[in-house]
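Trainee: I have this chain open beside its sequence. Please take a close look at a single strand, and then place that strand among the other parts worth inspecting.

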Amino acid sequence: MPFARTCSVALMGVDGVVVEVQADLEPGVAAFTLVGLPDKALSEARDRVRAAVVNSGESWPQRKLTVGLSPASVPKSGSGFDLAVACAVLAAAERLDPNTIAELLIIGELGLDGRVRPVRGVLPSVLAAADAGYRQVVVAEQTAAEASLVPGVSVLGVRSLRQLIALLTGAPAPEEEPTAALGRPDPLLAGLMLPGMGVRDLGSQTAHRPDMADVAGQYEARRALEIAAAGGHHLYLKGPPGAGKTMLAERLPALLPPLTQSEALEVTAVHSVAGLLPPGRPLISTPPYCAPHHSTTMPAIVGGGSGIPRPGAVSLAHRGVLFLDEAPEFPVRVLDALRQPLESGEVTIARSAGSMRLPARFLLCLAANPCPCGRHSIRGDGCQCTPTMVHRYQARLSGPLLDRVDLQVQVSSVTKAELLARDTSAENSAIVAARVLEARRRAAARLAGTPWRTNAEVPGHELRTRWSLAPGALADAEHDLERGLLTARGLDRVLRVAWTIADLAGRARPVRSDVRAGLALRTGVPR
């Protein structure tokens with residue numbers, strides 16, 4: 001039979017499209033044609049597949065060969081189609097039974113020697129295959145654990161094309177030599193793990209997890225971090241250099257609850273596509289922490305790039321923390337681009353090669369100095385900045401962006417007594433995280449049956465109509481709203497913070513003191 005087919009997956013961001021790989025042999029001059037909108041890396045599969053088949057001990061068909069990737073209208077990129085193309089060609093040449101590969105979904109790159117190399121994005125690819133009804137997938141041995149995270153799918157991890165042919169034909173599987181030399185990393189993993197985009201791996205056992213007990217003083221800021229973690233509220237830390245803003249932000253991920261199974265799959269899928277999945281850890285179970293430099297470009301923050309768009313920092317921080325240190329130093333366009341994902345929890349990127357939707361439900365933490373020199377808020381004559389310079393510097397954080405930030409905290413310099421004294425009353429991250437987890441459970445019980453998980457996600461209309469506050473609790477907020485000191489969006493966000501404070505205190509609903517605390521954290525004015 002001169003025709004055979006199998007399936008693979010084309011990724012559009014973190015969403016996969018099942019692609020049918022068809023091979024057709026016809027009489028004529030020996031040639032290899034690949035059609036179906038392949039990119040440059042996929043077009044080069046013709047040479048890789050031919051060399052891999054020959055070096056695996058198989059004969060290459062000396063006829064006119066056409067390989068089609070269907071649907072032809074979907075752009076395909078990367079080298080993950082190599083193994084599927086090789087199997088389709090061998091089945092068309094009657095070396096394999098076409099029926100054995102027709103219901104398989106095959107993902108993997110081929111080396112010239114026939115070895116199967118792992119590719120990025122295996123988890124979202126297998127998720128797309130499971131949604132399409134496929135129950136058997138073939139991947140590289142190094143990514144078999146990642147593919148096995150998808151329930152209901154049988155995963156076959158192979159080392160080489162020769163080994164896969166033996167398994168499909170019932171022949172004894174050949175012995176494969178290990179690719180990694182003793183004491184050296186596996187060379188097949190090269191390219192699977194790319195440089196880190198500012199994403200810190202906090203889940204590995206060797207990673208240092210900063211502790212809240214290391215923070216001297218800063219009791220108001222510590223309380224704000226606890227509220228932010230409990231309700232998923234965005235946080236703005238402002239204060240002079242050396243006050244501890246970065247130190248506080250680095251301890252925020254440790255306060256967040258561990259990811260649920262569904263959240264862990266979402267985060268792992270994004271990191272797999274981006275090439276940031278740590279080797280040996282197929283599932284990311286801790287909230288990610290992403291801290292890009294202020295020189296980072298718009299595509300690197302929001303997502304994009306040439307060709308098929310890639311996840312940006314907002315997606316790499318999904319279900320975790322996105323920390324922008326020295327926030328006014330970021331380009332204004334980049335900062336304002338955060339407004340849409342802050343509201344919707346996702347980002348949609350449109351490019352000439354296609355559009356894609358990426359998850360972006362992150363906790364934003366901003367840190368900023370009061371002026372270019374940083375000494376504007378310090379008492380005395382230390383600041384050399386003019387009023388115009390101070391205003392221009394602070395105005396780089398636009399009003400619409402700050403209006404979406406629930407907690408705005410002034411971080412003052414630590415006193416000598418606080419810095420040098422041994423504070424035995426300072427709570428560590430584990431104690432605070434336990435309170436955060438309990439508050440999250442109270443919120444989850446209240447939000448059961450709704451599409452929201454945290455207080456920060458609940459729309460203002462629902463807060464005002466579905467769940468009532470204690471009598472008289474809104475008196476101060478209503479007064480500020482009438483005077484124009486609070487916007488309608490600001491009122492909604494104060495209510496969200498009040499519910500989180502009530503959850504931390506174990507109250508069934510917020511009282512007036514909770515709303516006052518929410519107002520103080522939003523406006524910076526004590527109540």
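Mentor: What follows starts with one strand, β18, and then moves to other parts of the chain.

The coordinates are a predicted model. The chain has 527 residues, of which 51% are buried, and its secondary structure comes to 22 helices and 19 strands. Along the principal axes, the C-alpha atoms fill a box of roughly 85 × 50 × 45 Å. Taking contacts between residues at least 6 apart in sequence, 73% join residues at least 24 apart.

Strand β18 covers residues 363–368. How many of its residues are buried? The count is 6 of the 6, so β18 is largely enclosed by the rest of the structure. The side chains divide by direction: Leu363, Cys365 and Ala367 point one way, while Leu364, Leu366 and Ala368 point the other way. Both sets are buried.

Which strands pair with β18? One is β11, residues 235–238, which runs parallel to β18 and is joined to it by 4 bridges. Within that pairing, Leu237 has Ala367 of β18 as its bridge partner. Another is β15, residues 321–324, also parallel to β18 and joined to it by 4 bridges. There, Phe323 has Cys365 of β18 as its bridge partner. Cys365 and Ala367, the two partners in β18 named here, belong to the set that points one way from the strand.

The loop that leads from α12 (313–316) to β15 contains Arg319. Arg319 is not a glycine, yet its phi is positive, near 65 degrees. Is Arg319 buried or exposed? Its relative accessible area is 18%, so Arg319 is buried, the cut-off being under 20%. A second backbone point of this kind is Gln218, again not a glycine, with a positive phi of about 55 degrees. Gln218 sits in the loop between β10 (199–200) and α8 (219–231), and at 10% relative accessibility it counts as buried.

For a strand with other pairings, turn to β4, residues 64–70. Strand β2 (residues 15–26) pairs with β4 in the antiparallel sense over 7 bridges, and Ala23 has Val67 as its bridge partner in β4. Strand β3 (residues 31–35) runs parallel to β4 and is joined to it by 5 bridges. In that pairing, the bridge partner of Phe32 is Leu65. After the strand, the peptide bond from Ser70 to Pro71 is cis, with omega near 10 degrees. Pro71 is in the loop between β4 and α3.

The helices can be read in a similar way. In α2, residues 45–55, the buried residues are Ala45, Arg48, Val49, Ala52 and Val53. Why do these residues lie on the same side of α2? They cover an arc of only 125 degrees around the axis, and that puts them on one side of the helix. An α-helix has 3.6 residues a turn, so residues three or four places apart point the same way. The buried residues of α2 pack against α1 (40–43), α3 (82–92), β6 (109–110) and α7 (161–169). Just after α2, Gly57 takes a positive phi of about 90 degrees.

Ser125 is in helix α5, residues 122–131. Its relative accessible area is 4%, so Ser125 is buried. Apart from neighbours within four places in sequence, Ser125 is in contact with Val9, Leu11 and Ile107.

Further along the chain, helix α18 (residues 429–446) meets helix α21 (residues 488–505): their axes come within 8 Å and cross at roughly 115 degrees. The crossing is right-handed. From α18, the contact uses Arg435, Val436, Ala439, Arg442, Ala443 and Arg446, and from α21 it uses Trp499, Asp503 and Leu504. By class, the residues of this contact divide into 5 nonpolar, no polar and 4 charged.

Helix α22, residues 512–523, holds Leu519. With 0% relative accessibility, Leu519 counts as buried. Leu519 and Ser344 are 175 residues apart in sequence, and their C-alpha atoms are 24 Å apart in space.

To return to the strand you asked about, β18 has its 6 residues buried, with parallel pairing to β11 and to β15.

Definitions and conventions: Residues numbered from 1 in each chain as written. Predicted model: local features only at pLDDT ≥ 70, side-chain atom pairs only at ≥ 80, totals over all residues. Heavy atoms only, no water. Axes fitted to C-alpha atoms, helices over the stretch in contact; angles between N-to-C directions. Helix = DSSP H or I, 4+ residues; strand = E, 2+ residues; numbered from the N terminus. Left-handed = near helix turned anticlockwise from the far one by under 90°. Contact = heavy atoms within 4.5 Å. Nonpolar A, V, L, I, M, F, W, Y, C, P; charged D, E, K, R; others polar. Buried < 20%, exposed > 50% of the residue type's maximum accessible area, 1.4 Å probe, protein only. Arc of directions from axis to C-beta. Pairing = 2+ DSSP bridges.
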